[in-house]
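User: Could you take a close look at the ligand site for me, and then at the sheet in the same chain? I'd like one connected walk-through rather than a list.

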Amino acid sequence: MRRRQVKSETHCSFCGRSASQVDRIITGPSVHICNECVKLCNEVLAEQKKQTPSWENGAIPKPPEIARFLDDYVIGQDRAKKILSVAVYNHYKRIRSRVDMDGVELEKSNVMLIGPTGVGKTELAKTLAKVLQVPFSIADATILTEAGYVGEDVENILVGLLQAAEYDVARAEKGILYLDEVDKIARRSGGAPSMARDVSGEGVQQALLKILEGTVANIPPKGGRKHPEQPMLQLNTRNILFICGGAFEGLDKVISQRVGRRTMGFGAAMGEADEPDAAALMAQVHPEDLLSFGLIPEFVGRVPVIATLDPLSEDDLFRILTEPRHALVQQCQRLFAMDGVEVSFTEEALRRIVALTVRKGTGARGLRSVMEQAMMDVMYEAPSQEGLRELMVTAEMVDKGVDHFDSGDEVARILA
Ligand SMILES: Nc1ncnc2c1ncn2[C@@H]1O[C@H](COP(=O)(O)OP(=O)(O)OP(=O)(O)O)[C@@H](O)[C@H]1O
Ligand SMILES: [Mg+2]
């Protein structure tokens, strides 16, 4: 739809086209801009926003700033936060100083996160990507096999990163890739190199070496196996920060052997006292322990920064329910608010949710499912309760919800 010529022809101050050549001209004090130029400007702005995280032009967030940002999302794990903040700060400093004046090649420092399930490994990696505004993706080491065997080629771990960067190769090349379950690709026997070919373990570690260190990888854009006729995207992994994660179950035994201390010494109580001890041992991990666990030296060498995460205490779990930006309690309140219901929890109710979660032994991961179970009946009944404006969740309701998971009657009575 072109506009008819107006009496005195205005021209876009940017492209010079006249009002009759474009759909619309916006006039400011002594300048004019046409709709096409507005569109172009928008694209330029959007592109810039997409391509340049703030640290590329301005300052890279300092380690304490990074750690503080992590505090908003992840509870506890202070040691891991500190180690990660420094590693990430150095990593992005290294990218920025691509051309080394004095010829000192800054080496990449990939990170290993070790800790039990559900204590914040993935969450930490994800949050780091957020603070640095770089693409982030998670890949699972267990689905990988050496090229030529059944399973995914190792290059496929990069596909997700490419997708997270909306196929902008340059952005993907500065992203963070979280490689989960690396403990599962340990050599099964541990220790001595295996004679037979170990398809899922050692071979995969071998195949990952180049990618971790920096190589130009050929990736099938949509993933899947490589076909000769499929077009490939090339991605340089030199500046990608790899964060490896794993539970490394049994590593505490390996460490205790090295430090020559038994997990159960004389007079040490069995059971409860065991666990903090295991965590304390884990915190003393050295690269050589990872070798004994079954990672090959070349792999360990490419992941020089090691951080261990602690098991979460009941107090940590309580704080995780209420404090982080996306805390479950806030999420739940938001959901109910959509129906005009203001939900609150008694402290006892929250403590009960925590206690039920601890029993599951899945760290903070269990909080959500306990919460869902506890709230199921309430969420079922509440939307159809006319005039319900406020709702206080008590410990009793939590118990009922979890125990009689499918009897809605109880809660209906409580609500009435
Ligand atoms: N320290 C923590 N602070 C805040 N939330 C946490 C913390 N630990 C875990 N969570 C929450 O618990 C869930 C699981 O955490 P996460 O995915 O980080 O576990 P993980 O350590 O990677 O475990 P896994 O080894 O099973 O992958 C997430 O929803 C996360 O928000
Ligand atoms: Mg995880």
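Analyst: Sure. Keep in mind that this is a predicted model. Around ligand 1 there are 20 residues, and those that come nearest are Gly-120, Lys-121, Thr-122, Glu-123 and Ala-364. Helix α5, which covers residues 121-132, gives three residues to the shell, the largest share. Sorted by class, the shell around ligand 1 holds nine polar residues, seven nonpolar ones and four charged ones. As for where the ligand sits, domain 2 (58-308) and domain 3 (314-415) both contribute residues to the shell, so ligand 1 lies between them.

Now for the sheet. Five strands make up an open sheet with parallel pairing, in the order β4-β5-β8-β3-β9. Its edges are β4 (136-140) and β9 (305-308), each of which pairs on one side only. On average, neighbouring strands here are turned by 20° against each other, ignoring direction.

Let's zoom in on the β9 end. Strand β3 (residues 111-114) runs parallel to β9, and four bridges join the two. Within that pairing, Leu-113 stands opposite Ala-307 of β9. Helix α4, residues 78-96, packs on the sheet and touches β3, β9 and β8 (241-246). The direction of helix α4 makes about 155° with that of β9. So much for the background on pairing: strands of a sheet pair through backbone hydrogen bonds, in either a parallel or an antiparallel way, and the pairing in this five-stranded sheet is parallel.

Notes: Residues numbered from 1 in each chain as written. Chains lettered and ligands numbered in written order. Predicted model: local features only at pLDDT ≥ 70, side-chain atom pairs only at ≥ 80, totals over all residues. Near = placed C-beta within 6 Å. Nonpolar A, V, L, I, M, F, W, Y, C, P; charged D, E, K, R; others polar. Domains from an automatic or database assignment. Pairing = 2+ DSSP bridges. Axes fitted to C-alpha atoms, helices over the stretch in contact; angles between N-to-C directions. Contact = placed C-beta atoms within 7 Å.
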